[in-house]
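Let's take a friendly walk through a protein model, going from its overall plan to a few of its residues. Keep the structure open as you read, and look for each part as it is named.

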Amino acid sequence: FIVGMPRSGTTLIEQIVSNHSKVYGGGELKYFGKTLTKHLVQNQMPNSSSVLDIREEYIQLVNSGPVKSRIFTDKQLLNFRFIPIIFKLFPNAKVIHVYRSPAATCWSNYKQFFPDEALGFCYDLSDIVAYYSKYKSIMLNAQNHYGNRIYNLDYDRLTEDPEKQIKSLIKYLRLPWEPLCLRPEENRRYVQTASQQQLKKKIYTGSSGAWQVY
């Protein structure tokens with residue numbers, strides 16, 4: 001599961017990971033949130049009887065879609081809200097939390113048009129700030145509870161030292177090292193996110209400072 005705020009570098013991370021021969025890039029799968037909506041009642045955690053049902057339904061939905069590998073990425077970013085449930089359902093799941101500077105993230109969200117209703121908070125600066133604050137609080141609580149089960153990846157550090165950061169990420173995922181992970185621009189999978197043009201370039205620095213002229 002790749003989670004975080006939109007425009008934080010998550011698509012690049014999925015391109016890096018899915019360039020590995022054993023991984024299929026699933027993209028922004030809608031299945032997890034959809035499955036939870038059917039089973040959660042009054043915001044309670046799933047009980048022991050419903051856990052297996054939710055898990056099985058999610059796996060069935062994944063298998064009925066385009067995913068072609070036993071190891072795959074789910075880059076539905078707002079799944080950060082459900083990390084406790086993710087670990088309850090999938091104890092061996094890997095969660096990659098991607099983040100970058102607050103100003104860069106919030107500005108990039110404000111300037112981007114998102115047709116997805118779930119991202120409606122991006123159209124007002126005060127809403128973005130409020131949402132970002134809540135996101136930080138949720139992730140801090142998750143980090144305090146789950147520790148290094150969550151892999152925190154600083155986007156700016158990645159762009160400054162790609163090889164070191166990517167090798168560390170692949171090690172966390174317990175995958176054998178493959179040099180192609182260092183060349184995400186060569187990944188030929190189709191991407192529908194706002195980052196699709198940027199992904200054709202090699203990893204570069206400087207984008208997190210673009211907000212300053214505004």
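The secondary structure of this predicted model comes to 8 helices and 5 strands. If you follow the chain from its start, helices and strands appear in the pattern β-α-β-α-α-β-α-β-α-α-β-α-α.

Now for the protein as a whole. There are 214 residues, and 47% of them are buried. The accessible surface is about 11,900 Å², with 51% of that area belonging to carbon and sulfur atoms. Take the contacts between residues with a separation of 6 or more: 76% of these join residues 24 or more positions apart.

**Inside the protein**

In soluble globular proteins, nonpolar side chains tend to be buried together. In this model, the largest nonpolar core has 35 residues, and the members that touch the most others are F1, F32, Y58, I83, V95 and I150. Helices α2 (31-39), α3 (48-64), α4 (83-89) and α6 (125-146) each supply at least two residues of this core. Which helix gives the most to it? That is α6, with 6 residues.

F32 is a good residue to zoom in on. Leaving out residues up to four places away in sequence, F32 touches F1, Y58, D74, N79, F82, I85, I86, L89 and F90. There is also a second, separate core of 19 residues, and Y155, L169, L173 and C181 are among its members.

**Two helices that pack together**

Two packed helices are described by the angle between their axes and the distance between the axes. Try this with α5 (residues 102-111) and α6: their axes come within 10 Å and cross at roughly 135 degrees. The two helices are therefore oblique to each other, and α5 passes α6 in a right-handed crossing.

Which residues meet where these helices pack? From α5 come P102, T105, C106, N109 and Y110, and from α6 come L125, I128 and Y132. The buried residues of α5 are A104, T105, C106, W107, S108 and N109, and α6 is included in what covers them.

Helix α6 also holds Y131. Y131 and M5 are 126 residues apart in sequence, yet their C-alpha atoms are 9.4 Å apart in space. Apart from neighbours within four places in sequence, Y131 is in contact with M5, L78, F80, R81 and F121.

**Two arginines with a positive phi**

Most residues other than glycine have a negative phi. R7 has a positive phi although it is not a glycine, and R174 is another non-glycine residue with a positive value. The table sets the two side by side.

| Residue | Phi | Place | Relative accessible area |
|---|---|---|---|
| R7 | about 65 degrees | loop between β1 (2-4) and α1 (10-18) | 14% |
| R174 | near 60 degrees | segment after α8 (162-172) | 71% |

Are these residues buried or exposed? Buried means under 20% relative accessible area and exposed means over 50%. R7 has a value of 14%, so R7 is buried. R174 has a value of 71%, so R174 is exposed.

Notes:
Residues are numbered from 1 along each chain as its sequence is written. This is a predicted model: local features need pLDDT of at least 70, side-chain atom pairs count only at pLDDT 80 or more; totals for chains, interfaces and linings use all residues. Side-chain values use heavy atoms; hydrogens and water are left out. A nonpolar core is a set of buried Ala, Val, Leu, Ile, Met, Phe, Trp, Tyr and Cys residues joined through side-chain atoms within 4.5 Å. Buried means under 20% relative accessible area, exposed over 50%, partly exposed in between (1.4 Å probe, protein chains only). Helices (H or I, at least four residues) and strands (E, at least two) are DSSP runs, numbered from the N terminus. Contact means heavy atoms within 4.5 Å. Accessible areas come from the Shrake-Rupley method with a 1.4 Å probe; for residues, only the protein chains shown count as cover. Axes are lines fitted to C-alpha atoms, for helices over the stretch in contact, and angles run from 0 to 180 degrees between N-to-C directions. Angles under 35 degrees count as roughly parallel, over 145 as roughly antiparallel, 65 to 115 as roughly perpendicular and the rest as oblique. A crossing is left-handed if the near helix is turned anticlockwise from the far one by less than a right angle, and right-handed if clockwise.
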